[in-house]
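User: I am new to this structure and should be grateful for a close look at one part of it, the contact between the two chains. Please describe that part in full and then relate it to the salt bridges elsewhere in the model.

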2 protein chains.
Amino acid sequence: MKIGVVGLGLIGGSIALSSKYRYIDCHVYGMDVNSEHLQMAKQLKIIDHQLDETSYEDLDILILSTPVDVAIKLISPLLDKIGPNTLLMDTGSTKRLICRSIANHTKREQFLAAHPIAGTEFSGPKAATNRLFTKQTMIFCETEKTRASLLDVGYNFIEKLQMRVLTMAPEDHDKHIAYVSHLSHISSFMLGKTVMDKEEKSDNVIYQMAGSGFASTVRLAKSNPTTWTSIFKHNQQNILQVLKQYIDKLDKFKSLLENEDFETIRQQLEKSNEIKPILKGIHSNHIQ
Amino acid sequence: MKIGVVGLGLIGGSIALSSKYRYIDCHVYGMDVNSEHLQMAKQLKIIDHQLDETSYEDLDILILSTPVDVAIKLISPLLDKIGPNTLLMDTGSTKRLICRSIANHTKREQFLAAHPIAGTEFSGPKAATNRLFTKQTMIFCETEKTRASLLDVGYNFIEKLQMRVLTMAPEDHDKHIAYVSHLSHISSFMLGKTVMDKEEKSDNVIYQMAGSGFASTVRLAKSNPTTWTSIFKHNQQNILQVLKQYIDKLDKFKSLLENEDFETIRQQLEKSNEIKPILKGIHSNHIQ
């Protein structure tokens with residue numbers, strides 16, 4: 001098995017490590033524009049070889065794992081480079097623009113649009129682990145546009161990584177993921193900012209008063225700014241819609257509190273409690 | 001050591017279990033208005049005896065661990081009942097109204113206002129654990145109003161539970177805790193509500209797409225509605241102020257996204273990343 005990985009951060013690095021962990025005979029070829037990350041990936045044995053012009057042709061799978069606005073620029077030239085039997089998969093958190101960008105590429109059938117629902121708040125090769133994807137969900141989009149034999153390669157690879165596959169249209173993916181991932185990140189980034197802006201004017205006693213609840217809600221505020229800025233850019237319209245709904249909920253809660261309508265507040269919290277059984281199904285990948 | 005506990009939920013039950021775990025010779029007397037919880041606490045050996053009118057006099061410490069709007073009604077009659085050398089401690093998440101309510105009580109010096117910074121999203125006696133407080137922070141307010149010998153009792157007890165103590169004025173406590181606890185809960189409750197309101201109109205594919213990031217940010221939406229409604233009531237003004245700041249940050253983020261000012265968004269995320277070293281110091285009590 002020959003796997004190439006472009007972008008050796010948390011996700012790309014973890015795919016490299018997982019491949020080596022799950023396949024007895026696996027060679028990983030990697031590259032990263034950040035030379036420090038590339039060196040680190042070599043030292044940590046995340047990759048076996050540096051991916052160069054001579055290695056594209058023979059790869060079974062090439063994984064593209066950069067921020068989405070970089071990915072969209074690289075997919076087309078990478079499709080041009082790979083051999084006739086290589087599968088190119090991306091791992092981006094948005095799918096609509098990426099799928100659109102290569103819709104008319106002559107080698108479109110060698111591409112599989114993918115998004116692994118896995119991650120931590122850490123980034124870079126050091127954050128990579130060989131178990132990040134175990135029992136997690138991989139979303140595939142537009143599977144009908146991938147050559148059947150290469151789609152099989154993609155399914156086999158993902159099953160080997162112990163992931164379950166969910167398929168959907170790129171537009172549906174982007175709409176849904178705004179709710180269950182992108183909004184959580186914005187909520188967390190802004191929560192962190194609210195508390196830190198207060199802290200600058202206060203002493204640091206406030207952090208000694210913070211417990212596990214605070215840590216849990218602001219955990220995602222540690223996420224990579226480059227990765228997330230490009231996600232916000234790619235999914236702007238869906239995120240705006242979801243963010244408006246969230247702000248509206250907070251505004252209404254504020255009015256209830258101003259009006260001292262504690263009975264309605266209580267009913268709303270009861271309603272929020274209904275998230276319990278839903279959350280039970282979500283496997284936690286929280287690494288501290 | 002004789003300890004009484006009024007309110008055998010997550011916090012009261014965990015204090016009972018921690019006391020029995022940390023003291024070789026400890027008898028716990030407990031009561032709860034919820035008869036199911038009382039029975040469960042007996043069955044789970046959280047308490048040794050039911051707390052009744054005859055047992056108040058001899059207690060070393062009486063812990064009051066009900067929702068804050070119940071606590072404020074119980075403190076004064078409980079002070080009336082306890083013996084001359086019993087220390088009464090509460091565990092409420094707000095301190096200003098509670099301290100004010102017994103400011104002129106003839107036995108004020110037998111009361112110690114306390115708030116343990118520990119918890120999980122679960123509630124009731126079943127959620128109680130004997131290690132909930134280990135290495136966590138206990139906040140004491142108005143320690144100068146507690147009789148010196150009883151304050152010693154309080155400090156010794158808390159140290160025995162392996163907690164560190166932080167002291168502050170009740171007004172400061174309520175102001176700071178609105179930032180690092182109460183806001184996190186509102187953010188999480190409303191995030192859960194936003195996604196569930198969407199879900200009602202959609203199929204449940206959205207939850208299959210949710211990962212550990214979503215789970216982390218909405219974890220607190222599982223918290224007890226009675227406990228939290230009364231906290232919001234008791235700390236209304238501070239929470240309103242903090243909530244306004246949070247909504248303002250979200251509104252500004254929304255404008256940046258509408259105006260496609262991704263450079264400023266990126267800078268804001270970089271700023272939010274500065275929460276990293278702060279969070280390192282917070283011990284996680286996350287129990288799933």
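Analyst:
**The contact between chain A and chain B**

A turn of 180° with a shift of 0.0 Å along the axis lays chain A on chain B with an RMSD of 0.0 Å. The two copies are thus related as by a two-fold rotation axis. The contact residues follow this arrangement, in that 100% of those of chain A recur in chain B, and the same surface serves both copies. The residue of chain A that comes closest to the rotation axis is Thr217(A), whose C-alpha lies at 2.2 Å. It should be borne in mind throughout that this is a predicted model.

The extent of the contact may be taken next. Chain A contributes 91 residues and chain B contributes 91 residues. Between chain A and chain B an area of about 9100 Å² is buried, and carbon and sulfur atoms give 72% of that area. Three residues of chain A, namely Val180(A), Met190(A) and Met209(A), supply 8% of the area that chain A buries against chain B, which is more than any other three residues.

Polar and charged groups also take part. The rule finds 26 residue pairs in polar contact across the interface of chain A and chain B. On the side of chain A that touches chain B, helix H6 of chain A (residues 170-200) provides the largest share, 22 residues. Sorted by class, that side of chain A has 43 nonpolar, 29 polar and 19 charged residues.

The salt bridges between chain A and chain B number two. In one of them, Asp197(A) is joined to Lys249(B), with the closest N and O atoms 3.0 Å apart. Another salt bridge is formed by Lys249(A) and Asp197(B), where the closest N and O atoms are likewise 3.0 Å apart. The latter pair crosses between chains, running from Lys249(A) in helix H10 of chain A (residues 236-258) to Asp197(B) in helix H6 of chain B (residues 170-200). Lys249(A) has a relative accessible area of 16% and is therefore buried, the limit for that class being under 20%. Asp197(B), at 16% relative accessibility, also counts as buried.

A further residue that reaches across the contact is Lys222(B), which is placed in the loop between helix H8 (212-218) and helix H9 (225-234) of chain B. Apart from its neighbours within four places in sequence, Lys222(B) is in contact with Asn273(A), Ile275(A), Lys276(A) and Leu279(A) of chain A, and with Glu121(B) and Phe122(B) of chain B. Its side chain makes a polar contact of 3.5 Å with the side chain of Glu121(B). Because its relative accessibility is 11%, Lys222(B) counts as buried.

The salt bridges within single chains complete the picture. Over all chains, the structure holds 32 salt bridges. Helix H10 of chain A, already met through Lys249(A), offers an example of one inside a helix: the side chains of Glu258(A) and Lys254(A) meet at 3.6 Å, N to O. Glu258(A) and Lys254(A) are four residues apart in helix H10 of chain A, and so about one helical turn separates them. The two partners differ in exposure, for Glu258(A) is partly exposed at 36% relative accessibility, whereas Lys254(A) is buried, with a relative accessible area of 15%.

A salt bridge in chain B joins parts that are distant along the chain. The side chains of Arg147(B) and Glu109(B) meet at 2.9 Å, N to O. Arg147(B) lies in the loop between E7 and H5 of chain B, while Glu109(B) lies in the loop between helix H4 (96-101) and strand E6 (111-117), and the two are 38 residues apart. Both ends are partly exposed, Arg147(B) with a relative accessible area of 22% and Glu109(B) with one of 37%. Setting aside its neighbours within four places in sequence, Arg147(B) is in contact with Pro84(B), Asn85(B) and Gln110(B) as well as Glu109(B). By way of contrast, Ser65(B) is 82 residues from Arg147(B) in sequence and 21 Å from it in space, C-alpha to C-alpha.

Finally, salt bridges may also be joined into a network, as they are in the one that links Arg108(A), Glu142(A) and Lys145(A).

Conventions. Residues numbered from 1 in each chain as written. Chains lettered and ligands numbered in written order. Predicted model: local features only at pLDDT ≥ 70, side-chain atom pairs only at ≥ 80, totals over all residues. Heavy atoms only, no water. Contact = heavy atoms within 4.5 Å. Buried area = accessible area lost by both parts, 1.4 Å probe. Salt bridge = Lys/Arg side-chain N within 4 Å of Asp/Glu carboxyl O. Polar contact = N/O pair within 3.5 Å; in protein donor to acceptor, adjacent residues only side chain to side chain. Nonpolar A, V, L, I, M, F, W, Y, C, P; charged D, E, K, R; others polar. Least-squares fit on C-alpha atoms with pLDDT ≥ 70 in both. Buried < 20%, exposed > 50% of the residue type's maximum accessible area, 1.4 Å probe, protein only.
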